[in-house]
Amino acid sequence: VFVIGITTYFAATFDVATSTVNLNSENELVSELDRLLTTSLYTSTAHFVIFIHIAMLASSYMHERASRKRFFQRLMITYQQDKIISSKVKHGKLQKELLFNMLPPRVVNQLEEQGYDTGSWEQLKVVSARHQGVSILFADIPNFQEFASAAEPSYIMEYLNEVFESFDNLCDLYDVYKVETVADSYVAAVGIVTGAILDRKISMSTYNEDLLDWESKADPRSPNAKEFGVSGSTLMSSSSGNSKLREAGQSNTESMIAFAKAIVQEAHLVTQPVLNTPTEIRVGVHTGSCMSGIVGSQNLRYCLFGDTMNTAARMQQNGLPGCIHTTREVVGLAPEHSWAARHQIFVKGKGSMQTYLLRVTKDGTSDVGSE
């Protein structure tokens, strides 16, 4: 623009500035004065025009520079925003994956909907539920304290990780949900997150405790019915509710028994430190109703509550190494296994109980248990 303007101006005014204008031929002085004034006017005007064009050029340059600077600033802001959003999404996915490893997907989704706020009972009720037909397993290493006190903590941690990791690898295969590990104890469930699920939100009044009558009634049609002291009068009613619950209980119990056999066999492949002997675990299983939920707002932990949990724990505590120790309810739901009745034993919090053993051999098959 600057070059075009200057060129046009000089092309249009050059002839005027250089031409000789003869206003009065008789007076050469006036003509000479006229030429001088014309040239002076042209020269001063040219400087003014050049100054204006230089000012316009400088203004255009500064404007263009400021525009480009604003453009690059907006570009950098957009890039940084995209980077921040991408980082947040990545971290959000990572946090959600970690939560999915700690809590059931249903609970994580509900917590996300309410902003991970569990400060009140009303908010806790949303993620709490009652469950029926749930099979619970407790397993531990009976001589754990014997070698734990003599071995380095790092060796104990490595050993427990090897044992529990082998159990974890079997969970998906047998449709089992790992609840928690506490020291040398391993807790798992079927019917809470995996398996046949029959649950109700805690706020719902449709939860029928009467449907749990099947828990105290073994199936008299089992081959071992006479041995277990079960008569035809104990057969549950054939109502649709009881039928659905019975099917869920049987399915979940079978899955848990198969899982219990597998972890007994898997544990035997791991050598205990200090003692240098194969690992033997004792397993307790019980099937019934329970409640699930989150307690507290720090270090969220998914917990199970109820008599079924207590009973399964007592079965483990009173069990034998290499055996699955269980109750009459489980035997009634899985009668095809070679259960062996134990003498009446006293169970803390339960009193005298008739319980049963199933010994698992090294090859994973079951054998009649013994005291």
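Is aspartate 175 buried, exposed or partly exposed? At 36% relative accessibility, aspartate 175 counts as partly exposed, and the legends below return to this residue in a predicted model.

**Figure 1. Overview of the predicted model.** The structure is a prediction, and the protein in it has nine helices and 12 strands. Of its 371 residues, 41% count as buried. Among the contacts with a separation of 6 or more, 67% are accounted for by residues that stand 24 or more positions apart.

**Figure 2. Close-up of aspartate 175, in the loop between α6 and β2.** Aspartate 175 is not a glycine, yet its phi is positive, at about 60 degrees. Most residues other than glycine have a negative phi. The relative accessibility of aspartate 175 is 36%, and this residue therefore counts as partly exposed, a class that lies between the limits of 20% and 50%.

**Figure 3. Close-up of asparagine 276, in the loop between α7 (240-267) and β5 (282-294).** Asparagine 276 is likewise a residue other than glycine with a positive phi, here near 55 degrees. Its relative accessible area is 60%, and asparagine 276 is therefore exposed, since that class begins over 50%.

**Figure 4. Close-up of the largest pocket, which holds about 500 Å³ of space.** The lining is made up of 19 residues, and those that lie nearest the centre of the pocket are Asn101, Met102, Tyr177, Lys178 and Val179. Two or more lining residues come from each of α2 (28-102), α6 and β2, and the largest share, five residues, is that of β2. Sorted by class, the lining of the largest pocket has 10 nonpolar, three polar and six charged residues.

**Figure 5. Close-up of the second largest cavity, with about 30 Å³ of space.** Rolling a probe the size of a water molecule over the atoms shows where empty space is left. The structure holds two cavities of 30 Å³ or more, and the second largest is lined by Ala139, Asp140, Ile141, Val163, Phe164, Phe167, Asp184, Tyr186 and Ile281. At least two residues of this lining are supplied by each of β1 (129-140) and α6 (153-171), with α6 giving the most, namely three residues. By class, the lining of the second largest cavity has seven nonpolar and two charged residues, and no polar ones.

**Figure 6. Close-up of aromatic pairs, of which a search of the whole structure finds eight.** The rings of phenylalanine 71 and phenylalanine 72 have centres 5.5 Å apart and planes at 70 degrees, so this pair is edge-to-face. Phenylalanine 71 itself is partly exposed, with a relative accessible area of 43%. The rings of tyrosine 177 and tyrosine 302 also form an edge-to-face pair, because their centres are 6.3 Å apart and their planes stand at 85 degrees. Since tyrosine 177 lies in strand β2 (residues 177-182) and tyrosine 302 in strand β6 (residues 302-305), the pair ties together parts that are 125 residues apart in sequence. Tyrosine 177 is buried, with a relative accessible area of 13%, and tyrosine 302 is buried as well, at 3%. Elsewhere in the model, Phe144, Phe147 and Tyr159 form one aromatic cluster.

**Figure 7. Close-up of cysteine 303 and cysteine 323, both of them buried.** Cysteine 303 has a relative accessibility of 17%, which means that it counts as buried, the limit for that class being under 20%. For cysteine 323, which is buried too, the relative accessible area is 0%. A disulfide is a covalent bond between the sulfur atoms of two cysteines, and a search of the whole structure finds zero disulfides.

**Figure 8. Close-up of isoleucine 197, in the loop between β3 (185-190) and β4 (198-201).** Isoleucine 197 is partly exposed, with a relative accessible area of 37%. When residues up to four places away in sequence are not counted, isoleucine 197 touches Gly191 and Ile192. Isoleucine 197 and glycine 249 are 52 residues apart along the chain, and their C-alpha atoms are separated by 9.3 Å.

Key
Residues numbered from 1 in each chain as written. Predicted model: local features only at pLDDT ≥ 70, side-chain atom pairs only at ≥ 80, totals over all residues. Heavy atoms only, no water. 1 Å grid on protein atoms, 1.4 Å probe; cavity = no way out; pocket = protein on both sides within 12 Å on 5 of 7 lines; lining within 4 Å. Points joined across faces, edges and corners; volume = space filled by probe spheres on them. Helix = DSSP H or I, 4+ residues; strand = E, 2+ residues; numbered from the N terminus. Nonpolar A, V, L, I, M, F, W, Y, C, P; charged D, E, K, R; others polar. Phe/Tyr/Trp six-rings, centres within 6.5 Å; stacked < 30°, edge-to-face > 60°. Buried < 20%, exposed > 50% of the residue type's maximum accessible area, 1.4 Å probe, protein only. Disulfide = S-S within 2.5 Å. Contact = heavy atoms within 4.5 Å.
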